[in-house]
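Student: I'd like to learn how to read helix packing from a model. Can you walk me through one?
Tutor: Sure, let's put it on the screen and go from there.

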Amino acid sequence: MDEHRERPFPFATGPATSAVYMTQRALFDSLQTMSALAIEEGVLSILDEVLRAAFRARPQESPRMHDAVEQAKGMIADDPARLIRLADLARRAGCSTFHLCRAFRRVTGLTISAFRRSMRLRLALDRLRDGHDDLTSLAFDLGFASHSHFTAAFRRQFGLTPSRFRAIS
(Lines give C-alpha, C1' and ligand atoms only; values in the text may rest on other atoms or scores of the structure.)
Protein backbone atom coordinates (compact mmCIF):
# COMPACT_ATOMS: atom_id res chain seq x y z
CA MET A 1 0.00 0.00 0.00
CA ASP A 2 2.92 2.41 0.64
CA GLU A 3 3.83 2.49 -3.04
CA HIS A 4 0.31 3.84 -3.83
CA ARG A 5 0.20 6.56 -1.19
CA GLU A 6 -0.82 9.27 -3.72
CA ARG A 7 -3.69 7.10 -4.96
CA PRO A 8 -5.13 5.07 -2.10
CA PHE A 9 -8.20 3.88 -4.04
CA PRO A 10 -8.21 1.69 -7.17
CA PHE A 11 -10.67 4.05 -8.91
CA ALA A 12 -11.08 7.76 -9.59
CA THR A 13 -14.87 7.94 -9.76
CA GLY A 14 -17.83 6.11 -8.35
CA PRO A 15 -21.61 6.19 -8.48
CA ALA A 16 -23.65 8.43 -6.21
CA THR A 17 -27.13 7.19 -5.43
CA SER A 18 -30.11 9.51 -5.30
CA ALA A 19 -30.29 9.08 -1.54
CA VAL A 20 -26.65 10.14 -1.15
CA TYR A 21 -27.23 13.13 -3.41
CA MET A 22 -30.30 14.21 -1.40
CA THR A 23 -28.35 13.80 1.86
CA GLN A 24 -25.50 15.90 0.47
CA ARG A 25 -27.89 18.66 -0.66
CA ALA A 26 -29.70 18.66 2.72
CA LEU A 27 -26.38 18.83 4.56
CA PHE A 28 -25.21 21.68 2.35
CA ASP A 29 -28.45 23.61 2.98
CA SER A 30 -28.18 23.11 6.75
CA LEU A 31 -24.53 24.08 7.27
CA GLN A 32 -25.40 27.39 8.94
CA THR A 33 -27.57 25.76 11.62
CA MET A 34 -25.66 22.55 12.36
CA SER A 35 -22.98 21.94 14.94
CA ALA A 36 -19.48 21.10 13.77
CA LEU A 37 -19.92 17.56 15.11
CA ALA A 38 -23.18 17.03 13.16
CA ILE A 39 -21.56 18.36 9.98
CA GLU A 40 -18.57 16.06 10.41
CA GLU A 41 -20.82 13.06 11.04
CA GLY A 42 -22.92 13.91 7.99
CA VAL A 43 -19.88 14.21 5.75
CA LEU A 44 -18.46 10.91 7.00
CA SER A 45 -21.81 9.19 6.46
CA ILE A 46 -21.89 10.43 2.87
CA LEU A 47 -18.28 9.36 2.33
CA ASP A 48 -19.08 5.90 3.70
CA GLU A 49 -22.00 5.46 1.28
CA VAL A 50 -20.02 6.73 -1.72
CA LEU A 51 -17.06 4.45 -0.97
CA ARG A 52 -19.30 1.42 -0.47
CA ALA A 53 -21.00 2.07 -3.81
CA ALA A 54 -17.67 2.69 -5.55
CA PHE A 55 -16.16 -0.57 -4.31
CA ARG A 56 -19.30 -2.47 -5.37
CA ALA A 57 -19.16 -0.92 -8.86
CA ARG A 58 -15.48 -1.14 -9.65
CA PRO A 59 -15.08 -0.77 -13.40
CA GLN A 60 -14.24 -3.94 -15.29
CA GLU A 61 -13.52 -2.12 -18.52
CA SER A 62 -10.28 -1.20 -20.23
CA PRO A 63 -8.92 2.29 -19.58
CA ARG A 64 -9.91 3.26 -23.13
CA MET A 65 -13.54 2.22 -22.60
CA HIS A 66 -13.56 3.82 -19.16
CA ASP A 67 -12.42 7.07 -20.82
CA ALA A 68 -15.17 6.71 -23.43
CA VAL A 69 -17.74 6.37 -20.63
CA GLU A 70 -16.37 9.45 -18.87
CA GLN A 71 -16.52 11.34 -22.17
CA ALA A 72 -20.18 10.34 -22.63
CA LYS A 73 -21.02 11.23 -19.02
CA GLY A 74 -19.47 14.66 -19.53
CA MET A 75 -21.44 15.29 -22.72
CA ILE A 76 -24.69 14.36 -20.97
CA ALA A 77 -23.90 16.34 -17.82
CA ASP A 78 -23.10 19.47 -19.84
CA ASP A 79 -26.77 19.78 -20.80
CA PRO A 80 -28.93 16.95 -19.42
CA ALA A 81 -32.11 18.37 -20.98
CA ARG A 82 -30.67 18.19 -24.49
CA LEU A 83 -31.54 15.03 -26.39
CA ILE A 84 -28.31 13.50 -27.67
CA ARG A 85 -28.55 10.56 -30.02
CA LEU A 86 -26.74 7.42 -28.93
CA ALA A 87 -24.85 7.31 -32.23
CA ASP A 88 -23.56 10.85 -31.62
CA LEU A 89 -22.45 10.00 -28.07
CA ALA A 90 -20.62 6.91 -29.28
CA ARG A 91 -18.98 8.71 -32.20
CA ARG A 92 -17.73 11.53 -29.97
CA ALA A 93 -16.55 9.01 -27.38
CA GLY A 94 -14.70 7.08 -30.09
CA CYS A 95 -16.44 3.71 -29.94
CA SER A 96 -19.45 1.81 -31.23
CA THR A 97 -22.91 2.25 -29.73
CA PHE A 98 -22.86 -1.37 -28.56
CA HIS A 99 -19.55 -0.98 -26.74
CA LEU A 100 -20.51 2.35 -25.21
CA CYS A 101 -23.82 0.99 -23.86
CA ARG A 102 -22.14 -2.11 -22.46
CA ALA A 103 -19.22 -0.24 -20.90
CA PHE A 104 -21.45 2.53 -19.55
CA ARG A 105 -23.59 0.02 -17.68
CA ARG A 106 -20.55 -1.80 -16.31
CA VAL A 107 -18.74 1.35 -15.18
CA THR A 108 -21.67 3.36 -13.80
CA GLY A 109 -24.20 0.66 -12.94
CA LEU A 110 -26.76 2.64 -14.99
CA THR A 111 -27.96 2.68 -18.54
CA ILE A 112 -27.20 5.86 -20.48
CA SER A 113 -30.85 6.92 -20.36
CA ALA A 114 -31.06 6.28 -16.59
CA PHE A 115 -27.91 8.39 -16.08
CA ARG A 116 -29.38 11.20 -18.16
CA ARG A 117 -32.67 11.06 -16.24
CA SER A 118 -30.74 11.13 -12.97
CA MET A 119 -28.82 14.23 -14.09
CA ARG A 120 -32.05 15.97 -15.11
CA LEU A 121 -33.70 15.15 -11.79
CA ARG A 122 -30.70 16.38 -9.81
CA LEU A 123 -30.86 19.61 -11.78
CA ALA A 124 -34.56 19.78 -10.86
CA LEU A 125 -33.61 19.61 -7.15
CA ASP A 126 -31.43 22.67 -7.53
CA ARG A 127 -34.02 24.61 -9.51
CA LEU A 128 -36.77 23.78 -7.04
CA ARG A 129 -34.54 24.84 -4.17
CA ASP A 130 -33.85 28.11 -6.01
CA GLY A 131 -37.58 28.85 -6.05
CA HIS A 132 -38.72 27.62 -9.46
CA ASP A 133 -42.52 27.66 -9.05
CA ASP A 134 -43.99 26.40 -12.32
CA LEU A 135 -43.54 22.63 -12.33
CA THR A 136 -44.89 22.24 -15.85
CA SER A 137 -42.37 24.64 -17.36
CA LEU A 138 -39.61 23.06 -15.25
CA ALA A 139 -40.60 19.63 -16.60
CA PHE A 140 -40.43 20.87 -20.19
CA ASP A 141 -37.18 22.80 -19.58
CA LEU A 142 -35.56 19.61 -18.31
CA GLY A 143 -36.74 17.55 -21.28
CA PHE A 144 -39.63 15.64 -19.75
CA ALA A 145 -42.67 14.97 -21.92
CA SER A 146 -45.17 16.27 -19.37
CA HIS A 147 -45.70 17.44 -15.81
CA SER A 148 -46.95 13.97 -14.83
CA HIS A 149 -43.94 12.26 -16.44
CA PHE A 150 -41.63 14.57 -14.48
CA THR A 151 -43.52 14.03 -11.21
CA ALA A 152 -43.51 10.25 -11.58
CA ALA A 153 -39.77 10.17 -12.37
CA PHE A 154 -39.01 12.53 -9.47
CA ARG A 155 -41.04 10.37 -7.05
CA ARG A 156 -39.30 7.17 -8.23
CA GLN A 157 -35.88 8.79 -7.86
CA PHE A 158 -36.29 10.66 -4.57
CA GLY A 159 -39.32 9.16 -2.86
CA LEU A 160 -41.42 12.33 -2.84
CA THR A 161 -43.11 14.61 -5.35
CA PRO A 162 -41.50 17.82 -6.62
CA SER A 163 -44.18 19.94 -4.90
CA ARG A 164 -43.54 18.14 -1.57
CA PHE A 165 -39.80 18.63 -1.98
CA ARG A 166 -40.31 22.32 -2.72
CA ALA A 167 -42.50 22.65 0.40
CA ILE A 168 -39.84 21.17 2.71
CA SER A 169 -36.84 22.94 1.12
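Student: At what angle do the axes of helix 1 and helix 2 cross?
Tutor: Here's the general idea: two packed helices are described by the angle between their axes and the distance between the axes. Keep in mind that this is a predicted model. In it, the axes of helix 1 and helix 2 (residues 36-56) come within 10 Å and cross at roughly 160 degrees. Helix 1 and helix 2 are therefore roughly antiparallel, since an angle over 145 degrees counts that way. As for handedness, helix 1 passes helix 2 in a left-handed crossing.

Student: Which residues make that contact?
Tutor: On the helix 1 side, Val-20, Thr-23, Gln-24 and Leu-27. Helix 2 answers with Ile-39, Gly-42, Val-43, Ile-46, Glu-49 and Val-50.

Student: What span should helix 1 have, and which of its residues are buried?
Tutor: At 1.5 Å a residue, its 12 residues should span 16 Å, and the end C-alpha atoms of helix 1 are indeed 16 Å apart. Its buried residues are Ser-18, Val-20, Tyr-21, Met-22, Arg-25 and Leu-27. Val-20 and Leu-27 are buried, and they also take part in the contact with helix 2. The cover over the buried residues of helix 1 includes helix 2, helix 6, helix 8 and helix 9.

Student: Let's move on to helix 8. Which of its residues are buried?
Tutor: A bit of background helps here: an α-helix has 3.6 residues a turn, so residues three or four places apart point the same way. In helix 8 (residues 147-158), the buried ones are Phe-150, Thr-151, Ala-153, Phe-154 and Phe-158. Looking down the axis of helix 8, you find these buried residues within an arc of 165 degrees, so they line one face of the helix.

Student: And what do they pack against?
Tutor: The buried residues of helix 8 pack against helix 1 (18-29), helix 6 (112-129), helix 7 (135-141) and helix 9 (162-168).

Student: Which exposed residues sit on the face turned away from the buried side?
Tutor: Ser-148 and Arg-156. Take Ser-148: it counts as exposed because its relative accessibility is 52%, and the cut-off for exposed is over 50%. Ser-148 is 13 residues from Leu-135 in sequence, and their C-alpha atoms are 9.6 Å apart in space.

Student: How far does helix 8 reach, and what follows it?
Tutor: Helix 8 has 12 residues and reaches 16 Å from its first C-alpha to its last, close to the 16 Å expected. After it comes Gly-159, with a positive phi near 85 degrees.

Student: You listed helix 6 as a partner of helix 8. At what angle do they pack?
Tutor: About 95 degrees, with the axes of helix 6 and helix 8 10 Å apart. That makes helix 6 roughly perpendicular to helix 8. Helix 6 brings Arg-117, Ser-118, Arg-120, Leu-121, Arg-122, Ala-124, Leu-125 and Leu-128 to the contact. From helix 8 come His-149, Phe-150, Ala-153, Phe-154, Gln-157 and Phe-158.

Student: What else can I read off helix 6?
Tutor: Its 18 residues should span 26 Å at 1.5 Å a residue, and the end C-alpha atoms of helix 6 agree, at 26 Å apart. Buried residues of helix 6 include Ile-112, Phe-115, Met-119, Leu-121 and Leu-125, and also Arg-116, Arg-120 and Arg-122. Just after helix 6, Gly-131 has a positive phi of about 100 degrees.

Student: Where does Val-69 lie, and is it buried or exposed?
Tutor: Val-69 is in helix 3 (residues 63-78). Its relative accessibility is 0%, so Val-69 counts as buried. Beyond its neighbours within four places in sequence, Val-69 is in contact with Leu-100, Ala-103, Phe-104, Val-107 and Thr-108.

Student: How do helix 3 and helix 5 pack?
Tutor: Helix 3 and helix 5 (residues 97-108) pack at about 90 degrees, with their axes 9 Å apart. They are therefore roughly perpendicular to each other. Val-69 is one of the helix 3 residues in that contact, along with others including Met-65 and Ala-72.

Student: What about the chain as a whole?
Tutor: The chain has 9 helices and 0 strands. Of its 169 residues, 34% are buried. Among contacts between residues at least 6 apart in sequence, 61% join residues at least 24 apart.

How values were computed
Residues are numbered from 1 along each chain as its sequence is written. This is a predicted model: local features need pLDDT of at least 70, side-chain atom pairs count only at pLDDT 80 or more; totals for chains, interfaces and linings use all residues. Side-chain values use heavy atoms; hydrogens and water are left out. Helices (H or I, at least four residues) and strands (E, at least two) are DSSP runs, numbered from the N terminus. The expected span of a helix is 1.5 Å times one less than its number of residues. Buried means under 20% relative accessible area, exposed over 50%, partly exposed in between (1.4 Å probe, protein chains only). The arc is that of the directions from the helix axis to the C-beta atoms. Contact means heavy atoms within 4.5 Å. Axes are lines fitted to C-alpha atoms, for helices over the stretch in contact, and angles run from 0 to 180 degrees between N-to-C directions. Angles under 35 degrees count as roughly parallel, over 145 as roughly antiparallel, 65 to 115 as roughly perpendicular and the rest as oblique. A crossing is left-handed if the near helix is turned anticlockwise from the far one by less than a right angle, and right-handed if clockwise.
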